[in-house]
Amino acid sequence: MKTKIFLFAIVLAACNSQTEIPVEESVSPDFYRGSWALDLEYDNNTAGWLEVRQEEGYLDAELLWRWGSVTPVEFIFVTGNRLVVTQGREVIRERDENGEPVRTHHALNWLNIKKVGEDEIAGTGNFPGTDGVTFNKVNFTGKRIPDAGSPPDLSSLTYGEPVNLIGNNDLSGWELLEEGAVNGWSVNNGVLENNPVQVDGEEHKHYGNLRTTDTFEDFNLSLEVNVPEGSNSGVYLRGIYEIQVSDSYGREANSHHMGALYSRIAPSATVEKTAGEWQEMEITLCLRHLTVKLNGTTIIDNQPVEGITGGAITADEFIPGPIYLQGDHGAVAYRNMVIREIE
């Protein structure tokens, strides 16, 4: 405990000593409460998300930084005009003869954030290397995300003409998301398949994700998907919200299993089929509300989407984006993928 308190004291001192942020009037914690879309200054994977909440007697927050899941922060506090967010992890330096840790460091990352506009923030992410010598600093900006509001009346929606997104024998209408990635995607007789083969003894190949060349805003998307045993993929709506595709048959409902909004909304029922079977999925995205049907059962029912998911191509939730399919995890096949835009 003393070690963590000491580390927080170091962070606080660092925040107060940073010369690039001038001394300004204090900012109320009320300003920082809510959700923020973060634009991170990396060459790629630049999207992040932060939510700050007032709990009973303390501030709390959740953070998404580029990839992976939304995770709770370790600590969050306001000092003067700044908000400081910390996340840490234990680094085992030494073990005894039984493999038990005998020397552990608590590695600490932190975000230093300030108000720059009525609904805008800016800050730096500070990431010391576990070697205690290297240090990475990343600038970012953020915009407040308005509340998703009331769910739309899905029964009143009208749709445009259905468009089949998968051709018969080619990748027309699709392109790799990342430059330089290996293409494992192919189309044969209307089946879009990803086959990310790795060869033992050779350098690991990074296979690419696949995106539509067209972009969409609100829509209904129906498809069939086949997931081999132990495999994993995902369908990204507008390039920012991942509907999980995985071999999770027989497991309890979880926000990382088939049909979930990854790390955000867990399915209300477990209706997956066994690996290797074709499964039907129908997805409706309207006004940042999500409905997912899996194999004929509604497992997410017109629920608000609170923010992007890991791997999003942008933090902006208010622009059209592509459908993109995760191809860097495992083998998967799709067919009968039809989209109808909401008019």
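Which residue in the turn between strand 19 and strand 20 has a positive phi? Keep that in mind as you open this predicted model, and select the hairpin to find out.

**Stop 1: the hairpin of strands 19 and 20**

Select residues 289-294 for strand 19 and residues 297-304 for strand 20. The two strands run antiparallel and are joined by 5 bridges. To see one pairing up close, show Val 292, which stands opposite Ile 300 in strand 20. Now move to the turn, where 2 residues lie between the strands. The residue we asked about is Asn 295, with a positive phi of about 50°.

**Stop 2: the sheet of 9 strands**

Next, colour strands 1 to 9 by number. They form an open sheet with antiparallel pairing, and reading across it gives the order 4-3-2-1-9-8-7-6-5. Which strands stand at the edges? They are strand 4 (71-72) and strand 5 (75-79); each has a single partner strand, so one side of each is left without a neighbour in the sheet.

From the edge at strand 5, walk inward. Strand 6 covers residues 82-95 and runs antiparallel to strand 5, with 5 bridges joining them. Put Phe 77 on display together with its bridge partner in strand 6, Val 84. The hairpin here has 2 residues between its strands, and Gly 80 takes a positive phi near 65°.

Carry on to strand 7, residues 101-117, which pairs with strand 6 in the antiparallel sense over 13 bridges. A pair to pick out is Gln 87 and Asn 109, with Asn 109 standing opposite in strand 7. At the turn of this hairpin there are 5 residues between the strands, and Gly 99 has a positive phi near 85°.

Further across, select residues 120-128 and 135-145, which are strand 8 and strand 9. Their antiparallel pairing runs over 9 bridges. For a landmark, show Pro 128, whose bridge partner in strand 9 is Phe 135.

**Stop 3: the sheet of 5 strands**

Now hide that sheet and bring up strands 11, 14, 16, 17 and 21. These make an open sheet with antiparallel pairing, in the order 11-14-21-16-17. At its edges you will find strand 11 (174-176) and strand 17 (241-246), each pairing on one side only.

Zoom in on strand 14, residues 210-212, and strand 21, residues 324-325. They pair in the antiparallel sense over 2 bridges. Arg 211 stands opposite Tyr 324 of strand 21; leave Arg 211 selected for the next stop.

**Stop 4: salt bridges**

Switch on side chains. How many salt bridges does a search of the whole structure find? The count is 9.

Begin with Arg 211 and add Glu 175: their side chains meet in a salt bridge at 3.8 Å, N to O. This pair links distant parts of the chain, with Glu 175 in strand 11 and Arg 211 in strand 14, 36 residues apart. Is each partner buried or exposed? Arg 211 has a relative accessible area of 16%, so this residue is buried, while Glu 175 is partly exposed at 39%.

Next, select Arg 335 and Glu 224, whose side chains form a salt bridge at 3.1 Å, N to O. Here too the pair links distant parts of the chain: Arg 335 is in strand 22, Glu 224 is in strand 15 (residues 219-226), and they are 111 residues apart. Arg 335 is partly exposed, at 26% relative accessible area, whereas Glu 224 counts as buried at 16%.

Then show Glu 51, Arg 53, Glu 55, Asp 60 and Glu 62, which are joined into one network by salt bridges that share partners. Within this group, focus on Arg 53 and Glu 55, whose side chains meet in a salt bridge at 3.0 Å, N to O. Arg 53 is partly exposed, with 24% relative accessibility, and Glu 55 is also partly exposed, with 29%.

**Stop 5: a negative patch**

Finish on the surface. Select Glu 161, Asp 214, Glu 217, Glu 341 and Glu 343, which gather in a patch of negative charge. One of them, Glu 343, lies in the segment after strand 22 (332-341). Why does Glu 343 count as exposed? Its relative accessibility is 69%, and exposed means over 50%.

How values were computed:
Residues numbered from 1 in each chain as written. Predicted model: local features only at pLDDT ≥ 70, side-chain atom pairs only at ≥ 80, totals over all residues. Heavy atoms only, no water. Patch = residues over 30% accessible without salt bridge, like charges linked within 9 Å, V, L, I, M, F, W, Y side chains within 5 Å. Areas by Shrake-Rupley, 256 points an atom, 1.4 Å probe, with all protein chains shown as cover. Salt bridge = Lys/Arg side-chain N within 4 Å of Asp/Glu carboxyl O. Lys, Arg positive; Asp, Glu negative; His and termini not counted. Charge placed at Lys NZ, Arg CZ, Asp CG, Glu CD. Helix = DSSP H or I, 4+ residues; strand = E, 2+ residues; numbered from the N terminus. Buried < 20%, exposed > 50% of the residue type's maximum accessible area, 1.4 Å probe, protein only. Pairing = 2+ DSSP bridges.
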